[in-house]
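Reader: I have a few questions about how certain labels were assigned here. Could you walk me through them?

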Amino acid sequence: MRLKWCEGFNPNAKSGLKDVRPYLKKRKSFVEVIQIKKGKDIKLKGAAEKQVEELDLPKQVAIQPPDFRGVRLRLRVKEGDVVKVGTPVLEDKDCTQVHVVSPVSGKVVAINRGEKRALLQVVIETDGKQETVAFKKHPAENIPLMSHKEIVSCLLEGGVWPVLRQRPFSKIARVDQKPKSIFVHAMNTEPLAMDVDYRLNGQAKGFHTGLDILAKLTEGSVHVCFHKEASSDALANFPSSSKIKYHRFDGPHPAGNVGTHIHHVDPVHKGEFVWFVEAEDVLRIAKLFVEGVFSPVKVVVTTGEGVEKRVYKKTIIGAPVSHIIGEAAKSNMRYISGSVLTGINVGAQGYVCFYDSQITVIPEGGKREILGWALPGLNKYSFSKTFASSLINKNEDVSLDADEHGGHRAIVFNSVYDDYVALDVMTYFLLKAALSGDIEEAERLGILECDEEDFALATFACPSKTDVGGIIREGLDLIEKEG
Amino acid sequence: MKKLAKLFEKGGKLEKLYPLYEALDTFVLTPGKATKKAPHVRDAADLKRMMVFVVIALIPATLMGIYNAGCQIQSFKGGDCSLLSCFGVGLMQVLPIILVSYMAGGFWEVLFAVVRKHEINEGFLVTGLLYALVLPPTIPLWQVAVGISFGIVIGKEIFGGTGFNVLNPALAARAFVFFAYPAQLSGDAVWVAVDGFTKATPLAVVAGAGKGGSAIAALAEAGYSFKDMFVGFIPGAIGETSTLACLVGLVFLLITRVASWRIVAGCALGLVGTSLLFMCFQGENSLTFFSLPPHWHLVMGGFAFGAVFMATDPVSASATNTGRWIYGVLIGVLVVLIRMVNPAYPEGVMLAILFMNVFAPLIDHFVVEGHIKKRLAYIEGKKG
């Protein structure tokens, strides 16, 4: 069965001004490029081709509460309940208006719990009908007339609120807050990540309606951050609203991280909040307003040397990894929802996480080599210059496995971090402050601008194998706990 | 292998000796541990690799030191001065010092790792060799052991171990033996391993020369040429005599980016600048040292060795880029100040570096405060 309910995602369509609203302007020349110098691209083997494959509806999907970090969720359904697309499945204990909704119509078949009965998964079996809960429709031209309150209640009711996240802390945005600005994350530089520009091609109308809706949520601006070379109709033109601002970024990873964008466009200080949203979710928001339905569509790119067919696959939120990949699971491979730098090891039987749009499959680590510290290492990949491979200028894609390549040690080489962090922070001193629980010092050093993912490359490069991002995350958790 | 591993793992009979097992095990084979969470892939370089590279960088200085120690003995005794015999004689003299340093230091490292239940840090491979190379070849072996014990325990472990030490442990050890056993560590009699033989080091020659004279002339009179000092055929501590060998090590460390070029450049800059300044104030009644040109300063004493291998220890040095410049320059300045203005002891590298080790956190404090101010200004600026 082909998915009939999908919105018209057709990146191969010719982008042009014809189908775009008349008030749109040509962008490009206006927008200055923010050049990111620090960082590095890991050219991993297994990039996806720019080709879209439409998948059948999966048999099962899962909503996974751990995807929504920092929020206490409780169940709104029990095993055996029948749900539609848009039926609330989970709600926020602290703000019951916020719910996560079902992406399919069908029956709740399992509720999986972990230690201390923590909710891990709500598994829903699809009935193939994709019946939807009908929400109120708001034609695009009416949106400028709607009030902030109306917009918020519409987002909450339609179940798309969780796509809005806040910085600091990277968790679902608070309903009672007005952010100082909203960032639309329309580029991704993580290894093998999706080309967001390609994803948005042919989606100008929905994307721009979504931006108009977001503009209603803040007193400040909506900042759309995308790659310098972006050429899709959604990003090549923009609405003339003065609240929507466009920023072009260029440079190595983490030039595409939302943290990098916030730091260079509108940095957060203590007591301030910005929100951010993935570009694809902007389409979801627009769809809710214009058509009155929760759109479960998600495009996931399958990457890594462990996958044969590496393309863009159009599926739905919460789809199983095995369904998306469509190949027999291989042994000794690691199945990651997300990229190798920030993703989660979900296993071949797992499900794609809520905010992810990528599956990476790489060889599992754990091989032992004789005298690894002494050999020249022609085939070793390292940012350092301590292997013979650094003498050969290889432009080839590299094959990396999930190995730590060394034991944990105390930090000795403290100068390796800053070259790979694109924020203006002193990583080593921030680490020390976070480790010692010195909240005040950590805040002065800029921890509130940071998130785990901004330090992924620093963790990668550390010869002492320190989990830099993890320490920053613990520091942030401590700050959140202490209020 | 797996059976052996079980003995040392949790619940095994030798559980307590796990750090020792881990060190030996990962010496032979890479740990082969899969990552637990993101980032799922990691850089191939680990601390073992980085530390081994410092040891490799020390090889030229070690070999030259061994050869020179032998050469000094043979040339005094008038014996066979061939490469092989000099090296052999030197090896007999130097190898026991290196071995004792490693054994005594290693004992403490393992002991603390076992008690504290953490892995043995490879930094010890560097400390043990560095310490041996800054000793005179005549030092009694028990003093080698006492010194390294002090360096490791008081210089490093009481602060919490590797990564937390304020002082460079090898230099702390050297400073301890220097002040505890001055008779064996200073003077003119300790640099050549022949009983009763005294020969002043170049620095001592200049320090001892009469006022207002030419330093280069005094050195020439004592039989020291620039070339000898650069290549390293002079009496001195084992590894420090050859500036050439240190430079080879430096090039290696800079190509592999293991050492900070800022620190080394800072040291050289500070030394050259200060000695030039003193040259400007040279007068008839000034000390002979005032007439010593900067490039002679660079090849004398332990400066090259200290700047390349000791000052660049990332843990005890400044941890900010601006701080590294300041730290390096001040080491250079202090080396010249101690050499020239302090009449008691002409060699100032060890004390200059230790002094700056103590000040490095203070330098970093001001650099970090400056950074915080700049950050706040940036955020405020973005608002406007």
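Reader: Over which residues of chain A does pLDDT stay under 50, and how many contacts beyond four places in sequence does the model have for them?

Author: Happy to help! This is a predicted model, and pLDDT stays under 50 over residues 1-23 of chain A. For that stretch the model has 53 contacts beyond four places in sequence. The mean pLDDT of chain A is 88, with 94% of its residues at 70 or more.

Reader: Why is A:Phe169 called buried?

Author: Its relative accessible area is 11%. Buried means under 20%, so A:Phe169 is buried. A:Phe169 sits in the loop between strand 11 (165-167) and strand 12 (171-172) of chain A, and its phi is near 85 degrees, a positive value in a residue other than glycine.

Reader: And what makes A:Lys116 exposed?

Author: The cut-off for exposed is over 50%; A:Lys116 has a relative accessible area of 85%, so A:Lys116 is exposed. A:Lys116 too has a positive phi, near 55 degrees, and lies in the loop between strand 9 (106-113) and strand 10 (119-126) of chain A.

Reader: Why is B:Leu14 called partly exposed?

Author: At 34%, B:Leu14 falls between the 20% and 50% limits, so partly exposed is the right label. B:Leu14 also helps make a nonpolar surface patch of about 470 Å², along with B:Leu4, B:Leu7, B:Leu17, B:Leu20 and B:Leu24. Patch residues need over 30%, and B:Leu14 has 34%.

Reader: Where is B:Leu14?

Author: B:Leu14 lies in the loop between helix 1 and helix 2 of chain B. Helix 1 (2-8) and helix 2 (18-28) each supply at least two residues of the patch.

Definitions and conventions:
Residues numbered from 1 in each chain as written. Chains lettered and ligands numbered in written order. Predicted model: local features only at pLDDT ≥ 70, side-chain atom pairs only at ≥ 80, totals over all residues. Heavy atoms only, no water. Patch = residues over 30% accessible without salt bridge, like charges linked within 9 Å, V, L, I, M, F, W, Y side chains within 5 Å. Areas by Shrake-Rupley, 256 points an atom, 1.4 Å probe, with all protein chains shown as cover. Salt bridge = Lys/Arg side-chain N within 4 Å of Asp/Glu carboxyl O. Helix = DSSP H or I, 4+ residues; strand = E, 2+ residues; numbered from the N terminus. Buried < 20%, exposed > 50% of the residue type's maximum accessible area, 1.4 Å probe, protein only. pLDDT = per-residue confidence, 0-100. Contact = heavy atoms within 4.5 Å.
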